[in-house]
Amino acid sequence: MSQPVIIKSNKYGIRLILDAYIPFRELLTHIADKFTESEKFFKNAHMAIAFEGRELSAEEEYQILDTISRNTSIHVVCVIDNNIEYEEYAREQVERALTQDSENTGKFYKGTLRSGQELECETSIVILGDVNPGATVISAGNIVILGALKGTAFAGAAGNETCFVAALDMNPVQIKIGTVIGRSEDKKLRVSIRERRKTSAEPQVASVSDGHILIEPITKNTFNNI
């Protein structure tokens, strides 16, 4: 590629085309520079993002999202699989996110929660960072973690069992949704986590199913079924 990072965008989302061969750390520097230069075009925008040109692990995707969040005011509402029709799906996801945001006044939190920290929100929340062991997130709505969930997440704190918890890397100590609790030692939750570990870490969502916490991979149709 003549440029290591190319940004192509429409009003609903960003296609980030990445060089397949340069070292990843060097790539992150180019991404930071590119988005810093483009900040005035994307200021406070809610957008979907798709990665092209390079195979990325879940951890690498998280590092790219973190780099973007630290260098722009863009709100990334979802990462799109390149195997689906990009623009239409991006439009649907962004419009849905904006609708929920206007209805629920959802919040964003940038940063990693460390042991002993507790974050409580009266709305849905998107966390741009990790939730480490010993840290807790409590939300009256949904919880979306653009990083690793290794601590405790409590969604639907007002008793709403239709809420969900989603994370790029799902390895919680405990998840609670409404009045339903799932712990890492529980058989159903443990099986869900073990099945995820058979492959590389991937985005997953936890929801209530038949009175238990069920963790499953995020797909195009996941949120239509919750």
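## Helices on the sheet

Helix H1, formed by residues 24-42, lies across E1, E2 and strand E3 (46-52), and it runs at about 35 degrees to E1. Helix H2, spanning residues 58-71, also packs on the sheet, where it touches E2, E3 and E4. The direction of H2 makes about 135 degrees with that of E3. These descriptions refer to a predicted model.

## The four-stranded sheet

The sheet that carries these contacts is open and consists of four strands in the order E1-E2-E3-E4, with mixed pairing. Strand E1 (5-9) and strand E4 (75-79) occupy the edges and have a single partner strand each, so one side of each is left without a neighbour in the sheet. On average, neighbouring strands of this sheet are turned by 30 degrees against each other, direction ignored.

Strands of a sheet pair through backbone hydrogen bonds, in either a parallel or an antiparallel manner. In the case of E1 and strand E2 (residues 13-18), the two run antiparallel and are joined by five bridges. Within this pairing, isoleucine 7 stands opposite leucine 16 in E2.

## Nonpolar cores

The largest nonpolar core comprises 26 residues, of which Leu16, Leu18, Ile31 and Ile64 touch the most other members. Two or more residues are given to this core by each of E1, E2, H1, E3, H2 and strand E7 (125-128). The most comes from H1, which gives six residues.

Leucine 16 illustrates the packing. Leaving aside residues up to four places away in sequence, leucine 16 touches Val5, Ile6, Ile7, Ile31, Phe35, Ile49, Ala50, Phe51, Glu52 and Ile64. Apart from the largest core lies another core, of 23 residues, whose members include Val131, Ile145, Ile177 and Ile215.

## Salt bridges

Side chains of opposite charge can pair when their charged atoms come close. Two salt bridges are found in a search of the whole structure. In one of the salt bridges, the side chains of arginine 15 and glutamate 52 meet at 2.7 Å, N to O. Arginine 15 belongs to strand E2 and glutamate 52 to strand E3, so this pair ties together parts that are 37 residues apart in sequence. Arginine 15 counts as partly exposed, at 28% relative accessibility. Glutamate 52 is likewise partly exposed, with a relative accessible area of 23%. Glutamate 52 is also among the residues that leucine 16 touches.

A salt bridge also joins the side chains of arginine 70 and aspartate 66, at 3.0 Å, N to O. Arginine 70 and aspartate 66 are four residues apart in helix H2, and about one helical turn separates them. Arginine 70 is exposed, with a relative accessible area of 57%.

## The chain as a whole

The secondary structure of the chain amounts to four helices and 15 strands. The chain has 226 residues, and 46% of them count as buried. Its exposed surface is about 11,500 Å², with carbon and sulfur atoms supplying 46% of that area. Where contacts link residues at least 6 apart in sequence, 41% of these contacts join residues at least 24 apart.

Conventions. Residues are numbered from 1 along each chain as its sequence is written. This is a predicted model: local features need pLDDT of at least 70, side-chain atom pairs count only at pLDDT 80 or more; totals for chains, interfaces and linings use all residues. Side-chain values use heavy atoms; hydrogens and water are left out. Buried means under 20% relative accessible area, exposed over 50%, partly exposed in between (1.4 Å probe, protein chains only). Contact means heavy atoms within 4.5 Å. Accessible areas come from the Shrake-Rupley method with a 1.4 Å probe; for residues, only the protein chains shown count as cover. Two strands pair if DSSP finds at least two bridges between them. Axes are lines fitted to C-alpha atoms, for helices over the stretch in contact, and angles run from 0 to 180 degrees between N-to-C directions. A nonpolar core is a set of buried Ala, Val, Leu, Ile, Met, Phe, Trp, Tyr and Cys residues joined through side-chain atoms within 4.5 Å. A salt bridge is a side-chain nitrogen of Lys or Arg within 4 Å of a carboxyl oxygen of Asp or Glu.
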